[in-house]
Structure formats: C-alpha cells, structure tokens
Amino acid sequence: MQIEDLIDINEICASHDIEISFISSLQKTGLIEITTVDDVLFIDTGQVKQLEKCIHFHYDLDINIEGIETITYLLDRITTLQEEIGELRNRLQLYETF
Amino acid sequence: MTYPDYYKILGIEKSATQKDIKNAFRKLARKYHPDLNPNDKDAKKNFQEINEANEVLSDPEKRKKYDQYGKDWQHAENFEKGNHYQQQSSGTHGTYSSGTHFDGAFSDFFESMFGGSAYTDNSRRVKFRGEDYNAELHLNLLDAYTTHKQTLTVNGKKIRITIPAGIENGQTIKISGHGGQGINGGPNGDLYITFSISSHDKFKRLGNDLYTTVDLNLYTAVLGGEITIDTISGKVKLKVKPETQNGTKILLKNKGFPVYKNEGHFGALYITYAIKIPTNLNDKQKSLFTELSES
C-alpha cells in the first residue's frame, strides 16, 4: 500500500463533520480498517465508499453501529445472491431456445 | 410536468411539525435508501421522491413557497426573481439536506420552482468524494468475443474504454475516477458499467464454454462422413463416426469463448447433433427403407 492511497482520518472527519470516535467504533466492529503511519490514522481510498455508506446509515438514517453491522452483513448476502441469480439466468438461457 | 404532493409522499399532514417531517423522512429513507437497496431501480426512484419532498418540507422557506405556490408553480417565477435560493445552489445534483451523496436528480417541478439542486445550510453539508455513476452497456455475443475499444458518453463526457474479450453478461467493471467530481478537493467518484450481452441465435454461452446444435442428415449419421460446421471463430471440418446417435454431444477444445483477461485461453465448444429424418421420400426410397427394416 502506498502512502498516496491513504487519506488522513482527521480530514474525513472534518469534511463530514463527524466524530473520530465514530470511525473508531467502525474499526472495532471490523467494518473498516485503519492504518497508522507515524502515529497518524489513515484510511485506504478503497474503503472511503464503505465508510461513507456507514456515515449515511448512522447520521442520516439514525442507525446505530450494531444496526450498521447487521445491514452490512445482509447487503453482502444480497450481493452474493444477486450474483448467483445472474449466473443462473445465464445458465437458463441455454435451455430457453434449444 | 407533474405536481408532486410532498406531504402525501412523506405520508404526513399539512400541519406536520419539523420533527414529524424528519421522522417520516427517516422512516421512508430506511426503507428506500439506495445503499440499502443495491441495484433496485424502483427503490432509487422512490428515494428520489422522498428525498425531494424532505428537501422542500424540511426547509421552512421552501416549504412556505411550496405551500403558497405549489399547484400554481408557474406563477412562482415572479416570486423567484432575484431570489436567494440560487445563491445556495451548489450546481451539483443528488444530495439531500442531511448530506448524503446520491446520484439522483430532482424532479422538473423542483428544478423549476427552486432552481436546481438543493443545498441548504446545515451541519453536514460539505462532501468529500464525488458520486458514483452507473451505466449499462449492451453488447452482442460477437462484440464480447473480441477485445475492443468503445466510446461512451457519460454525463456529457466522452470516455474511451477497452472492453476485454470474454466479458460476462451482468458483469460490472469499475472505471475509477470517472464518476462525479469530488467536492473540496476530494477524489472523484467511480463509473460502474454493467454489461448486458444479448443472446445469439446459434451459440449459447455458459461461462467460457459455448453450446450449439448442428443438424446431421440420416445418411451421414448412419454411414459416417465429414461435415463443415460454424464455430464462433470460423468454419471447422469434423469427422462424423458411423452410427452416430441423435443427441450425441462432442466437444471441441479451445473453440469456445475467450477467458476474461487471460489472453490466448479459450473455453470449449459443445456440439449436439440433431439427426434429420429425410422427408418426401419417393417410392423407391421407401422400398429401400422397408428392405432395410426387414433385413
């Protein structure tokens, strides 16, 4: 991982006007990963989308950390199921006209 | 342009307090928020409506104007002259007042009455990362067979992308940084392209393998011989064994679909023989078949 792929957590907190403790809670539950470089906390750019999702859930929809954890798990399952449906639809095409 | 009943959309009375509005919005947002309903276009549309309703009703000035001019929105233009709403507009679509990035536009009614997208001052206004865009690209099977370049127009910008051979129906690829522009120096969002590959009348695809049915005349099936068949990459000569049965399947290695991002590797082509019984037989042919059946 290169340093340019990392964003200072403080910048994110300032941009979104959120508490750093919220990000720490997300880290504790494993919803996001934080990297420490020279005692400064960073998040990988690839995780910003996931973090913003959590911010929306918590601050906009009033969902607590436990709720976010459950939702994230269920969304992962939905994604897996949607992929499986897509694969089965492709397989079904084999029999539709033959 | 249709007049949206924002109160009805949020399921509240006209006398609703700000707290009622907030509660109603949150309840519906929990149901329809795009982050909670991946790949659900209906949920996205519903969320756009409740987002817009909340944007208007949660802002006392906008609510006043909506209540006053709502159904006669055309007359609101005079009211709008020199208005201060435009000054608050960021020019970026797809946010709601509590600060979520959302790639949905407001209705024509909203744009006409309130002038573009809505930003009102509240605590979580500033955004970090640009919104993600989603697009669907339709290809036919032959397009997906070869690596090729294609130019797309996304939000008025032309983007030239390389589509690798072997892309799957329903597969989504991410083009980093080609989504919405980041705000306050934040990174741009990403562009997600989902491929929709139409079926082919001759070849069916399953993963990297192709399936086809080839007609075989009775005589070649019985006596054996040589036939020429179409594969996706050209014609191929095949030897047919004597006494080949109807429905016999044969496999041609490396004549299927290219393996995605694995150049030079291909799946297999599965051929099913469909033996055609001769029709309109003359008397002599019938007699020969009779003789054959009695032999």
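**Figure 1. Surroundings of S198(B), a residue in the loop between β5 (191-197) and β6 (204-206) of chain B.** In this predicted model, S198(B) touches H138(B) and N140(B), when residues up to four places away in sequence are not counted. The view also takes in L141(B), which stands 57 residues from S198(B) along the chain, although the C-alpha atoms of the two are separated by 6.4 Å. Is S198(B) buried or exposed? With 11 other C-beta atoms within 10 Å, S198(B) is exposed, because a residue with 12 or fewer such neighbours is placed in that class.

**Figure 2. Surroundings of D230(B), a residue in strand β8 (residues 225-231) of chain B.** Which residues does D230(B) contact, once its neighbours within four places in sequence are left aside? They are K202(B) and K235(B). Of these two partners, K202(B) is 28 residues from D230(B) in sequence, and the distance from C-alpha to C-alpha is 9.1 Å. D230(B) has 12 other C-beta atoms within 10 Å and is exposed, since the exposed class covers counts of 12 or fewer.

**Figure 3. Packing of helix α2 (residues 18-32) of chain B with helix α3 (residues 41-57) of chain B.** The axes of these two helices are 9 Å apart, and the helices pack at an angle of about 165 degrees. That angle makes α2(B) roughly antiparallel to α3(B), because angles over 145 degrees are counted in this way. The crossing in which α2(B) passes α3(B) is left-handed. On the side of α2(B), the residues that take part in the contact are I21(B), F25(B), L28(B), A29(B) and Y32(B), and they meet A43(B), N46(B), F47(B), I50(B), N54(B) and L57(B) in α3(B). Sorted by class, the contact of α2(B) with α3(B) holds 9 nonpolar and 2 polar residues, with no charged residues.

**Figure 4. Two asparagines of chain B with positive phi, N254(B) and N280(B).** The loop between β10 (249-252) and β11 (269-276) of chain B contains N254(B), whose phi is near 60 degrees, a positive value in a residue other than glycine. The loop between β11 and α10 of chain B contains N280(B), and here phi is near 50 degrees, again a positive value in a residue other than glycine. How many other C-beta atoms lie within 10 Å of N254(B)? The count is 13, and N254(B) is partly exposed. N280(B), with 5 C-beta neighbours inside 10 Å, counts as exposed.

**Figure 5. Helix α10 (residues 283-294) of chain B, seen within its chain.** At 1.5 Å a residue, the 12 residues of α10(B) should span 16 Å, and the end C-alpha atoms of the helix are 16 Å apart, which agrees with that expectation. The helix is hardly covered, for the count of buried residues among its 12 residues is 0. In chain B as a whole, buried residues make up 24% of the 295 residues, and the chain contains 10 helices and 11 strands. Among the contacts in chain B with a separation of 6 or more, 57% are accounted for by residues 24 or more positions apart.

**Figure 6. Helix α4 (residues 65-96) of chain A, seen within its chain.** This helix has 32 residues and reaches 46 Å from its first C-alpha to its last, which is close to the 46 Å expected at 1.5 Å a residue. How many of the 32 residues of α4(A) are buried? The number is 1, so the helix lies largely in the open. Chain A has 4 helices and 3 strands, and from the N terminus on its elements run β-α-α-β-β-α-α. Buried residues make up 19% of the 98 residues in chain A, while 53% of the contacts between residues at least 6 apart in sequence join residues at least 24 apart.

**Figure 7. Surroundings of F22(A), a residue in helix α2 (residues 20-28) of chain A.** F22(A) is partly exposed, with 17 other C-beta atoms within 10 Å; this class applies because the count falls between the limit of 12 or fewer for exposed residues and that of 20 or more for buried ones. The view includes H58(A), which is 36 residues from F22(A) in sequence and 9.1 Å from F22(A) in space, C-alpha to C-alpha.

Note on methods. Residues are numbered from 1 along each chain as its sequence is written. Chains are lettered from A and ligands numbered from 1 in the order in which they are written. This is a predicted model: local features need pLDDT of at least 70, side-chain atom pairs count only at pLDDT 80 or more; totals for chains, interfaces and linings use all residues. The expected span of a helix is 1.5 Å times one less than its number of residues. Axes are lines fitted to C-alpha atoms, for helices over the stretch in contact, and angles run from 0 to 180 degrees between N-to-C directions. Angles under 35 degrees count as roughly parallel, over 145 as roughly antiparallel, 65 to 115 as roughly perpendicular and the rest as oblique. A crossing is left-handed if the near helix is turned anticlockwise from the far one by less than a right angle, and right-handed if clockwise. Two residues are in contact if their C-beta atoms, placed from the backbone, lie within 7 Å. Ala, Val, Leu, Ile, Met, Phe, Trp, Tyr, Cys and Pro count as nonpolar, Asp, Glu, Lys and Arg as charged, and the others, Gly among them, as polar.
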